[in-house]
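Dear colleague,

I am handing over the model below, and my notes on it follow. Please read them with the coordinates open.

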Protein chains: 2
Amino acid sequence: MISVLRLGHRPERDKRATTHVFLVARAFGAEKIYYTGVRDRPIEENIAKVCNRWGGKIELKFVENAQLFLKKWLGSVVHLTMYGIPIQKAIDKIKKEKDILVVVGGEKVPSEIYKLSDFNIAVTNQPHSEIAALAVFLDRFFDGKELEMEFKDAKQIIIPNERGKTLKKIG
Amino acid sequence: MISVLRLGHRPERDKRATTHVFLVARAFGAEKIYYTGVRDRPIEENIAKVCNRWGGKIELKFVENAQLFLKKWLGSVVHLTMYGIPIQKAIDKIKKEKDILVVVGGEKVPSEIYKLSDFNIAVTNQPHSEIAALAVFLDRFFDGKELEMEFKDAKQIIIPNERGKTLKKIG
């Protein structure tokens with residue numbers, strides 16, 4: 001099972017980036033999402049609406065203290081950071097771990113997070129995007145099988161279309 | 001060669017998301033970036049600074065009219081959209097194309113874009129993030145080789161570190 005922890009959410013500045021992180025977590029097969037920073041009920045409601053419409057259930061929880069949360073985590077902690085070990089060198093080992101918590105940063109990640117993580121993993125050692133890093137990590141972790149996933153109890157699904165939009169309402 | 005076109009940039013609302021798109025394009029091996037919407041010089045300067053510091057050269061150009069630009073594009077146009085054909089079904093065919101322009105949307109993508117594209121491709125048929133979709137597309141397109149890329153004339157590089165940050169200044 002994969003869970004995702006988003007660090008240091010600031011409702012004013014991060015609404016969109018955090019929403020992208022949450023939606024990627026859901027679409028790429030994570031089962032639980034946690035976040036620290038400042039609690040943001042509108043964003044929680046937004047994700048609940050997406051699940052209601054597009055199906056699947058994902059637990060979304062605010063966590064007060066990231067360090068404490070990592071210390072208590074019983075499984076394996078994978079922190080995505082441009083400073084880490086290249087994903088292509090570590091992914092086979094990570095696939096053997098259980099109850100993985102994937103941690104993605106906000107602006108400044110405290111150095112303690114690097115120490116509390118079992119793996120610090122880089123999706124390229126270049127600056128880009130925690131949203132992209134999370135997506136590529138999950139795609140590699142699930143070997144692309146997450147792309148075939150179906151979401152339970154969806155009220156609408158997309159029928160793939162070569163030249164337009166086809167949305168099918170269900171029930 | 002891969003180029004990326006970001007549609008409908010609004011400096012006020014999209015600064016961060018567009019920056020992520022541009023940085024992903026650079027980090028995952030695109031050679032040119034174009035964008036439409038409203039011209040944003042600070043974002044252009046920001047990307048130039050990243051290239052100056054982290055190496056590589058990427059052309060970044062504002063384009064007035066997306067539709068006209070697509071009509072004149074001599075290579076293949078791949079539009080990333082949740083409504084499209086699953087990437088896993090189309091990627092082998094796309095790999096045979098030349099001079100690919102990968103188009104990623106902003107808020108509302110005009111229906112003409114779907115028609116002007118040679119491929120409308122979905123990275124999952126679920127709502128998530130154009131940033132994530134672009135990263136996974138490029139990772140699949142380059143078969144992960146982009147993760148090994150080195151950037152020319154970098155002033156600093158990261159030495160992968162299991163538990164912290166190692167930045168090496170060059171020259």
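**The helix pair between the chains**

α6(A) and α6(B) are oblique to each other, because their angle falls outside the ranges for roughly parallel (under 35 degrees), roughly antiparallel (over 145) and roughly perpendicular (65 to 115). This is a predicted model, in which local features need pLDDT of at least 70 and side-chain atom pairs count only at pLDDT 80 or more, while totals for chains, interfaces and linings use all residues. Residues are numbered from 1 along each chain as its sequence is written, and chains are lettered from A and ligands numbered from 1 in the order in which they are written.

Helix α6 covers residues 130–141 in chain A and residues 130–141 in chain B, and the two pack at about 50° with their axes 8 Å apart; axes are lines fitted to C-alpha atoms, for helices over the stretch in contact, and angles run from 0 to 180 degrees between N-to-C directions. On the chain A side the contact (C-beta atoms, placed from the backbone, within 7 Å) includes A:Ile131, A:Ala135 and A:Asp139, which meet residues of α6(B) including B:Ile131, B:Ala135 and B:Asp139.

**Chain A as a whole**

Chain A has six helices and eight strands, where helices (H or I, at least four residues) and strands (E, at least two) are DSSP runs numbered from the N terminus. Along its principal axes, the C-alpha trace of chain A spans about 50 × 35 × 30 Å. Of its 171 residues, 43% count as buried, that is, with 20 or more other C-beta atoms, placed from the backbone, within 10 Å of their own.

With best regards

Technical notes:
A residue is buried if 20 or more other C-beta atoms lie within 10 Å of its own, exposed if 12 or fewer, and partly exposed in between; C-beta atoms are placed from the backbone. Two residues are in contact if their C-beta atoms, placed from the backbone, lie within 7 Å.
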